[in-house]
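Work through the following exercises with the sequence and the model side by side, and attempt each task before reading its solution.

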Amino acid sequence: PGPFDLIFADPPYDEVDLPKLLDVLGDALAPEGLLVFEMHKRDDVVFSKDWKLLKEKKYGSTKVLFLIRTV
């Protein structure tokens, strides 16, 4: 089912391959949908030009990214 207007992703911090996960979730996200992604704040943010970072918030040891697709 899908596409979805909003996706929340909170994968295990030490086991996520962010670029691969974004490829999979990008196919499930509606064209103007929002992806809210949680990760450890010490980890680098790496994603392709197909994604745009709207906002980044930090809470304790957690970083939350708000992303949209650009394609």
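**Exercise 1.** Determine how many bridges join β3 to β4, and how the two strands run; then place them in the sheet.

*Solution.* Eight bridges join β3 to β4, and these strands run antiparallel; strands here are DSSP runs of E of at least two residues, helices are runs of H or I of at least four residues, and both are numbered from the N terminus. Two strands count as paired if DSSP finds at least two bridges between them. This is a predicted model, in which local features need pLDDT of at least 70 and side-chain atom pairs count only at pLDDT 80 or more, while totals for chains, interfaces and linings use all residues. Residues are numbered from 1 along each chain as its sequence is written, and side-chain values use heavy atoms, with hydrogens and water left out.

Next, follow the order β1-β2-β4-β3, in which four strands form an open sheet with mixed pairing. Because β1 (4-9) and β3 (51-59) each have a single partner strand, they stand at the edges, and one side of each is left without a neighbour in the sheet. From one strand to the next, the twist averages 15°, an angle taken between N-to-C directions on a scale from 0 to 180 degrees, with axes fitted to C-alpha atoms and, for helices, over the stretch in contact.

**Exercise 2.** Describe the surroundings of Lys63 in strand β4 (residues 62-69).

*Solution.* Begin with the pairing, where Lys58 stands opposite Lys63. Lys63 is buried yet has no salt bridge, and Glu56, the nearest side chain of opposite charge, is 4.4 Å away. Buried means under 20% relative accessible area, exposed over 50%, and partly exposed in between (1.4 Å probe, protein chains only); a salt bridge requires a side-chain nitrogen of Lys or Arg within 4 Å of a carboxyl oxygen of Asp or Glu. Finally, a polar atom of the Lys63 side chain lies 2.8 Å from the backbone oxygen of Asp43.

**Exercise 3.** Which residue forms a salt bridge with Asp43, and how exposed are the partners?

*Solution.* The partner is Arg42, with the closest N and O atoms 3.9 Å apart, and a search of the whole structure finds one salt bridge. Asp43 counts as partly exposed because its relative accessibility is 23%, whereas Arg42, at 55%, counts as exposed.

**Exercise 4.** Is Leu35 buried or exposed?

*Solution.* Leu35, in strand β2 (residues 29-40), has 0% relative accessibility and therefore counts as buried. Its C-alpha atom is separated by 5.1 Å from that of Leu67, 32 residues apart along the chain.

Methods. Lys and Arg count as positive and Asp and Glu as negative; His and the chain ends are not counted. A polar contact is a pair of N or O atoms within 3.5 Å; within protein, one must be able to donate a hydrogen and the other to accept it, and residues adjacent in sequence count only if both atoms are side-chain atoms.
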